[in-house]
Amino acid sequence: MDEDYARNYEDSLDGFQTYEDYLDSQITAQDRFYLQEDELARRLVEIGCRKGEVLSREDFLERQVAVDNARKARLHQPQQLASHEKDLTDYPFLMNLAIREELVREGKLATIIFIRDRNTKGQEVSGYIDYGHRLKIEPFEPYFERKKRLMPRPSDLSFYNWDTQNSTSNESPNFQINPDHEMGLLFKNKRDRKVINVDPKVEPGDNSKRQDVPTHEYIQVVIFDHMMRKKN
């Protein structure tokens, strides 16, 4: 039984957990008034005392299994990357995001992006962005198509407006913020508990790598990659 078959019946079976639920949907108020018993009404529906097609129990279960399998197959289909077939030759920052997109989506790589640039009001802002979290909460096609610019927000890991002195910090599903008076801003990965140090004067930490990205797209871009180890 192929997926097209399942799609044809998905809507018609939606909302029916059991065959009895399906039969009940065929029973009218008039049936209940005259027959007084739902079980008797179901039997009449099942044996075909209704206009139009009424599925047998075997057909209902067969189609229900087909629909369920088709839904599971769609869930496990490879997700097309937002950067797929985008020409990013002249955009080093976007190219670096595209290179990492699949690994980040698969949870094999945790990436923090530092951006410093001017917003639409001309104010200088900077911040640290959890790339994986952003990928999950918004479509990235407009960024890779250069219809939008990726910029730090007050809802990101860290945000600072140099003109207004407005500062915010937030945890994300992937990182916890650990400010330290001596070491500065630290990000702890929630999965393996490893710490990423964003201080350019020191190493970023175990399984982590810092990359400065020279680009005309922003004043400054730094990418911190943290490789996720498989659980034993």
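Two strands are treated as paired if DSSP finds at least two bridges between them. In the predicted model described here, this criterion is met by β6 and β7, which are joined by three bridges and run antiparallel, and within that pairing the bridge partner of leucine 186 is asparagine 197 in β7. On its other flank, strand β6, which spans residues 184–189, is joined by six bridges to strand β5, residues 175–180, and these two strands likewise run antiparallel. In this second pairing phenylalanine 175 stands opposite asparagine 189 in β6, and the connection from β5 to β6 is a hairpin of three residues.

Taken together, these strands make up an open sheet of three strands, in the order β5-β6-β7 and with antiparallel pairing. Its edges are formed by β5 and by β7, the latter covering residues 195–197, and each of these edge strands pairs on one side only. Neighbouring strands of this sheet are turned by 30° against each other on average, when direction is ignored. The loop between β6 and β7 contains arginine 193, a residue that has a positive phi of about 70° although it is not a glycine. Most residues other than glycine have a negative phi. With a relative accessible area of 46%, arginine 193 is classed as partly exposed.

A second open sheet is built from six strands, which follow the order β4-β3-β2-β1-β9-β8 with antiparallel pairing. The edge positions are taken by β4, residues 167–169, and β8, residues 208–212, each of which pairs on one side only. In this sheet the average turn between neighbouring strands, again with direction ignored, is 10°. Among its pairings is that of strand β2, residues 124–130, with strand β3, residues 158–161; the two run antiparallel and are joined by four bridges, and serine 126 stands opposite tyrosine 160 in β3. Helix α6, residues 92–105, lies across β1 (109–118), β8 and β9 (220–227), and it runs at about 155° to β1.

Two loop residues associated with the strands of this sheet may be described in further detail. Glutamine 123 is found in the loop between β1 and β2, and it counts as buried because its relative accessibility is 19%, where the cut-off for burial is under 20%. When neighbours within four places in sequence are left aside, glutamine 123 is in contact with Asp117, Arg118, Asn161, Asp163 and Thr164. Asparagine 207, by contrast, is located in the loop between β7 and β8 and counts as partly exposed, at 26% relative accessibility. Asparagine 207 also has a positive phi, of about 60°, although it is not a glycine.

In soluble globular proteins, nonpolar side chains tend to be buried together. The largest nonpolar core of the model has 24 residues, and those with the most contacts inside it are Phe93, Ile115, Phe144 and Leu150. The elements that give two or more residues to this core are α6, β1, β2, α7 (131–137), α8 (141–144) and β9, with the largest share, five residues, coming from α6. Apart from this core lies another one, of 13 residues, among them Ala110, Leu157, Ile177 and Val222. The surroundings of leucine 150 can be given explicitly: beyond its neighbours within four places in sequence, leucine 150 is in contact with Phe93, Leu97, Ile113, Ile115, Ile129, Arg134, Phe140, Tyr143 and Tyr218.

Aromatic side chains were examined for ring pairs whose centres lie within 6.5 Å, and by this rule the count comes to eight aromatic pairs. One of them involves phenylalanine 140 and phenylalanine 144, whose ring centres are 6.2 Å apart and whose planes stand at 50°, so that the pair is tilted. Phenylalanine 140 and phenylalanine 144 are both buried. In addition, Phe114, Tyr128, Phe187 and Phe224 form one aromatic cluster.

Technical notes. Residues are numbered from 1 along each chain as its sequence is written. This is a predicted model: local features need pLDDT of at least 70, side-chain atom pairs count only at pLDDT 80 or more; totals for chains, interfaces and linings use all residues. Side-chain values use heavy atoms; hydrogens and water are left out. Axes are lines fitted to C-alpha atoms, for helices over the stretch in contact, and angles run from 0 to 180 degrees between N-to-C directions. Rings of Phe, Tyr and Trp (its six-membered ring) pair if their centres lie within 6.5 Å; planes under 30 degrees apart count as stacked, over 60 as edge-to-face and the rest as tilted. Buried means under 20% relative accessible area, exposed over 50%, partly exposed in between (1.4 Å probe, protein chains only). Contact means heavy atoms within 4.5 Å. A nonpolar core is a set of buried Ala, Val, Leu, Ile, Met, Phe, Trp, Tyr and Cys residues joined through side-chain atoms within 4.5 Å.
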